[in-house]
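Colleague: Before we look at this one together, I would like to ask how each label you use is justified. Please show it to me, and then we can begin.

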Amino acid sequence: MTINSRGLLVVLLSGVTALAACSTLTAPDQRQAAAAPSAAAPSAAAAAGGGVASRAGSDGAGTGGDGKAAHPGPVTLRPFPGARTYAGVGVWQPAGRLVGGKPAVYETLLVPPGDSKRAGIAWMDTRLLSARLYSGSVSPGGGPYKYTAPVTRTAASSLVAAFNGGFKMSDAHGGYYTEGRTIKPLARGGASLVIYANGSITVGAWGSDVAMTPSVVAVRQNLYPLVADGRPSALAATRRWWVWGGTCPCGKGQHGSEYQWRSGLGVTADGALVYVVGPVLSPLQVADLLVRAGAVRGMQLDINPTWPVFASFKPAAPDGLAAPSNGARLVGTYRGPATFFDPSYARDFITMSAR
């Protein structure tokens, strides 16, 4: 993997402690390939506008076969101006098992502004899916936890998708709450993934967009808001990009480069969830992709080749068990579907299961 095509100079992280775990592995090619938020100047995503054209779900909003309400499918995403074009970019494809006879996850690829490689975007219907936070002995540490790797047989019977969490807590500049315990105090203003007792999930700044209530069952904070009010936050575009995590020496020319494997999560105005992952992304590019996918609030998750992963699961039978054999990566990340079934996996992750 090479430096991003913008041709920016590599910045060395002199004297800066890496905020994320590193790996000496070379990032693989994509499988499909041929401090609080404040208003910022419009980015490429905000200036160009979001997707237009047809929705992925031909019947739009509605209910599944068992009467479950569903979000309207995501709209086709327009390419960023000047970005390299590929056939099918921005066009959503259903992924994972159906829920109530309807797709609950859609996936697409999009080239971020200033890049030539495609990043993956997943859209998740939070009306059809229920979220759960799984915790590990490395992140957040402590334990034991009721929900930890591997995904059990019972949970696998409804699993639709799963994705990585955030940094180790020593680097996350935020807190962690789960299973009735505060593992690390929650930070006001911190970018927060919040899960409620009914399985609903959202993203926002702690203390303003989201707050503790009796129905909150899990909070995973990681750094600062990346998207706020439907646009990249001011900090997303900072020249001090290392506040978004130290990048590891994972390939020629990548030591201390802001362009690295990164992942992010956002929520749309109507409550759907969007996840982004790509191999040569800056924090601002992650924000731009989230905004283009409709996110009004967003956060960065884990970075560097070893940690980002999004997988969907589609067993042969509608009520079959999710397993590595019927899982598929969103893009060609180092980790794959087997991650969530590995009893030795010690990092946090989020599952999205049929309601």
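Modeller: In this predicted model, the largest pocket has a volume of about 390 Å³, and 24 residues line that pocket, with Ser130, Ala131, Arg132, Leu133 and Tyr147 lying nearest its centre.

Colleague: What makes a residue part of the lining of the largest pocket, and which elements supply at least two residues of it?

Modeller: A lining residue has an atom within 4 Å of a point of the pocket, and 24 residues meet that condition, so they are counted as its lining. Strand E6, helix H2 (153-156), strand E10 (191-196), strand E12 (216-221) and strand E20 (349-354) each supply at least two of the lining residues, and the largest share, five residues, comes from E6. By residue type, the lining divides into 11 nonpolar, 10 polar and three charged.

Colleague: Why is the second largest space, lined by Ser139 and Asn164 among others, called a cavity?

Modeller: The word cavity is kept for points where a 1.4 Å probe fits but cannot get out, and therefore this space of about 30 Å³ carries that name. Its lining consists of Ser139, Asn164, Gly165, Gly166, Asp302, Trp307, Tyr345, Arg347 and Asp348, which divide into two nonpolar, four polar and three charged residues.

Colleague: How do you know that strand E7 and strand E18 are paired?

Modeller: Two strands pair if there are at least two bridges between them, and three bridges join E7 (residues 159-164) to E18 (residues 310-313), so the two count as paired. These strands run antiparallel, and Ala162 in this pairing stands opposite Ala311 in E18. Both strands belong to an open sheet of five, ordered E6-E20-E7-E18-E19 with antiparallel pairing.

Colleague: What makes strand E6 and strand E19 the edge strands of that sheet?

Modeller: E6 (129-134) and E19 (327-329) each pair on one side only, and they are the edge strands. On average, neighbouring strands of this sheet are turned by 20° against each other, direction ignored.

Colleague: How do you know which parts of the chain the predictor is confident about?

Modeller: The pLDDT gives that confidence from 0 to 100, so E20, with the highest mean among the elements (99), is predicted with the most confidence of them, and helix H1 (residues 44-48), with the lowest (45), with the least. Over residues 1-42 the pLDDT is below 50, although this stretch has 122 contacts in the model beyond near neighbours in sequence. Residues 44-54 are also below 50, with 30 such contacts. Where pLDDT is low, the predicted coordinates should not be read in detail. The chain as a whole averages 85, and 79% of the residues score at least 70.

Conventions
Residues numbered from 1 in each chain as written. Predicted model: local features only at pLDDT ≥ 70, side-chain atom pairs only at ≥ 80, totals over all residues. Heavy atoms only, no water. Helix = DSSP H or I, 4+ residues; strand = E, 2+ residues; numbered from the N terminus. Axes fitted to C-alpha atoms, helices over the stretch in contact; angles between N-to-C directions. 1 Å grid on protein atoms, 1.4 Å probe; cavity = no way out; pocket = protein on both sides within 12 Å on 5 of 7 lines; lining within 4 Å. Points joined across faces, edges and corners; volume = space filled by probe spheres on them. Nonpolar A, V, L, I, M, F, W, Y, C, P; charged D, E, K, R; others polar. Contact = heavy atoms within 4.5 Å.
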